[in-house]
Amino acid sequence: MDDCVFCKVIGGEFGTEFIYEDDVCVVFKDISPKDKTHLLIVPKSHISSIADMADADADTVSHLFMCARDVAKSLKLSGYRLQVNVGKDGGQEVFHLHVHLMSKFSS
Ligand code: AMP
């Protein structure tokens, strides 16, 4: 998607450092952190939101949560929150699906 900020991040347009990357997703720091640790787990494929995901996207969405678990473990976070905002009225600002990983702890 040409006008999608996270597609641009994934394409390397902003030189964003990836904390983790695999075939399905990337993880990077939120540009405006709301907690000591605030990461975004973002699929490489453009899915605009949970509300618009296809049944065929279920494996990708599941992968995001497995990735959150593994990244949190690698950062030795003893506790954290996962948040997915859905739709404008649900607080979603970037319409490329992402999971927020937030913690009052940092590694
Ligand atoms: P949401 O409100 O769930 O759509 O969250 C979007 C998040 O993306 C916000 O917390 C923003 O601070 C973050 N964000 C927007 N642009 C960038 C960027 N270029 N790099 C990192 N985080 C970003």
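The following dialogue considers the ligand site and an aromatic pair in this predicted model.

Student: What makes the approach of Lys 34 to the ligand a polar contact?

Tutor: A side-chain N or O atom of Lys 34 is 3.1 Å from an oxygen atom of the ligand, and because a polar contact is a pair of N or O atoms within 3.5 Å, this pair qualifies.

Student: Which backbone atoms also come to an oxygen atom of the ligand, and what are the distances?

Tutor: A polar backbone atom of Gly 91 is 2.8 Å from a ligand oxygen, and a backbone N or O atom of Glu 93 lies 2.7 Å from an oxygen atom of the ligand. Of the 510 Å² of accessible area that the ligand has on its own, the protein covers 88%.

Student: Where does the ligand sit, and which elements give two or more residues to the shell around the ligand?

Tutor: The ligand sits in the largest pocket, and the elements in question are helix H1 (5–10) and strand E2 (25–29). The shell residues divide into six nonpolar, six polar and four charged.

Student: Why is the pair of Phe 6 and Phe 28 called edge-to-face?

Tutor: The ring centres of Phe 6 and Phe 28 are 5.6 Å apart and their planes make an angle of 80°; since centres within 6.5 Å make a pair and planes over 60 degrees apart count as edge-to-face, the name therefore applies. This pair links distant parts of the chain, with Phe 6 in helix H1 and Phe 28 in strand E2, 22 residues apart.

Terms used:
Residues are numbered from 1 along each chain as its sequence is written. This is a predicted model: local features need pLDDT of at least 70, side-chain atom pairs count only at pLDDT 80 or more; totals for chains, interfaces and linings use all residues. Side-chain values use heavy atoms; hydrogens and water are left out. A polar contact is a pair of N or O atoms within 3.5 Å; within protein, one must be able to donate a hydrogen and the other to accept it, and residues adjacent in sequence count only if both atoms are side-chain atoms. Accessible areas come from the Shrake-Rupley method with a 1.4 Å probe; for residues, only the protein chains shown count as cover. On a 1 Å grid over the protein atoms alone, a cavity is a set of points where a 1.4 Å probe fits but cannot get out, and a pocket is an open set with protein on both sides within 12 Å along at least five of seven lines; lining residues have an atom within 4 Å of a point. A molecule sits in a cavity or pocket if more than half of its atoms lie within 2 Å of its grid points. Helices (H or I, at least four residues) and strands (E, at least two) are DSSP runs, numbered from the N terminus. Ala, Val, Leu, Ile, Met, Phe, Trp, Tyr, Cys and Pro count as nonpolar, Asp, Glu, Lys and Arg as charged, and the others, Gly among them, as polar. Rings of Phe, Tyr and Trp (its six-membered ring) pair if their centres lie within 6.5 Å; planes under 30 degrees apart count as stacked, over 60 as edge-to-face and the rest as tilted.
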